[in-house]
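Here's a quick briefing to read with the model open beside you. Have a look at the fold first, then work through the points below.

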Amino acid sequence: PLSGNTTVADLEQFYGIHLDADPSFTLARLLRERLGEDPTPGASAAFGRVVLSAREVIAGTAEQVGLTIEDESDQENRARWERPPA
């Protein structure tokens with residue numbers, strides 16, 4: 001897992017990826033902005049092909065963050081599950 005204090009800029013530079021987010025944000029702040037004030041362990045948010053998940057949450061802050069880089073089939077499967085029922 002990554003530290004929640006890792007910045008978006010550091011993550012993008014290290015992994016050669018792009019997140020549509022403010023580069024100065026920490027991963028903890030990014031998850032809090034996307035998931036709400038009190039993210040739960042296991043909660044995740046997608047940023048294009050990049051999925052960040054709260055691994056360890058202390059006092060409402062994601063201290064440890066998981067990272068998954070999806071391929072196209074993963075994205076298609078996730079899109080199917082996230083669609084609201086007709």
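Is Gln64 buried, partly exposed or exposed? Gln64 is partly exposed, because its relative accessible area is 25%, which falls between the 20% cut-off for buried and the 50% one for exposed. Keep in mind that this is a predicted model. The chain has 86 residues, and 34% of them count as buried.

**Overall layout**

- The protein chain folds into 3 helices and 4 strands.
- Reading from the N terminus, the order of the elements is β-α-α-β-β-β-α.
- About 5500 Å² of the chain is exposed, with carbon and sulfur atoms supplying 47% of that area.
- If you take the contacts with a separation of 6 or more, 30% of them come from residues 24 or more positions apart.

**Gln64 and its surroundings**

- Gln64 sits in strand 4.
- Setting aside neighbours within four places in sequence, Gln64 is in contact with Pro1, Leu2 and Gly4, and also with Ser53, Ala54, Arg55 and Glu56.
- Gln64 and Asn5 are 59 residues apart in sequence, yet their C-alpha atoms are 8.6 Å apart in space.

**The nonpolar core**

- As a rule for soluble globular proteins, nonpolar side chains tend to be buried together.
- Here, the largest nonpolar core is made of 17 residues.
- The residues with the most contacts inside this core are Val8, Leu11, Leu19, Leu27, Leu30, Leu31 and Leu52.
- Two or more core residues come from each of helix 1 (8-15), helix 2 (27-35), strand 2 (44-47), strand 3 (50-58) and strand 4 (61-69).
- Leu27 touches a run of residues from early in the chain, namely Leu2, Ser3, Gly4, Thr6, Val8 and Leu11, plus Leu52 and Val65, with residues up to four places away in sequence not counted.

**Leu30 up close**

- Leu30 is found in helix 2.
- With a relative accessible area of 6%, Leu30 counts as buried, because the limit is 20%.
- Not counting residues up to four places away in sequence, Leu30 touches Val8, Leu19, Ala21, Phe25, Phe47 and Leu52.
- From the C-alpha of Leu30 to that of Gly4 is 9.3 Å, with the two residues 26 apart along the chain.

**Aromatics and the surface patch**

- Searching the whole structure turns up 1 aromatic pair.
- That pair is Phe14 with Tyr15, arranged edge-to-face at 5.0 Å centre to centre, with 80 degrees between the planes.
- Phe14 counts as exposed because its relative accessibility is 65%, whereas Tyr15 is partly exposed at 37%.
- Phe14 and Tyr15 also join Ile69 in a nonpolar surface patch of about 330 Å².
- Ile69 belongs to strand 4 and is partly exposed, with a relative accessibility of 37%.

**The salt bridge**

- How many salt bridges are there? The count comes to 1.
- It links the side chains of Glu33 and Arg29, with an N to O distance of 3.4 Å.
- Glu33 and Arg29 are 4 residues apart in helix 2, so about one helical turn separates them.
- Glu33 is exposed at 54% relative accessibility, while Arg29 is partly exposed at 35%.

**Two loop residues**

- Ala59 lies in the loop between strand 3 and strand 4.
- Phi of Ala59 is near 50 degrees, which is a positive value in a residue other than glycine.
- At 81% relative accessibility, Ala59 counts as exposed.
- Asp38 is in another loop, the one between helix 2 and strand 2.
- Asp38 counts as exposed too, with 58% relative accessibility.
- The C-alpha atoms of Asp38 and Ile58 are separated by 9.4 Å, and the two residues are 20 apart along the chain.

Terms used
Residues numbered from 1 in each chain as written. Predicted model: local features only at pLDDT ≥ 70, side-chain atom pairs only at ≥ 80, totals over all residues. Heavy atoms only, no water. Core = buried A, V, L, I, M, F, W, Y, C linked by side-chain atoms within 4.5 Å. Buried < 20%, exposed > 50% of the residue type's maximum accessible area, 1.4 Å probe, protein only. Contact = heavy atoms within 4.5 Å. Phe/Tyr/Trp six-rings, centres within 6.5 Å; stacked < 30°, edge-to-face > 60°. Patch = residues over 30% accessible without salt bridge, like charges linked within 9 Å, V, L, I, M, F, W, Y side chains within 5 Å. Areas by Shrake-Rupley, 256 points an atom, 1.4 Å probe, with all protein chains shown as cover. Salt bridge = Lys/Arg side-chain N within 4 Å of Asp/Glu carboxyl O.
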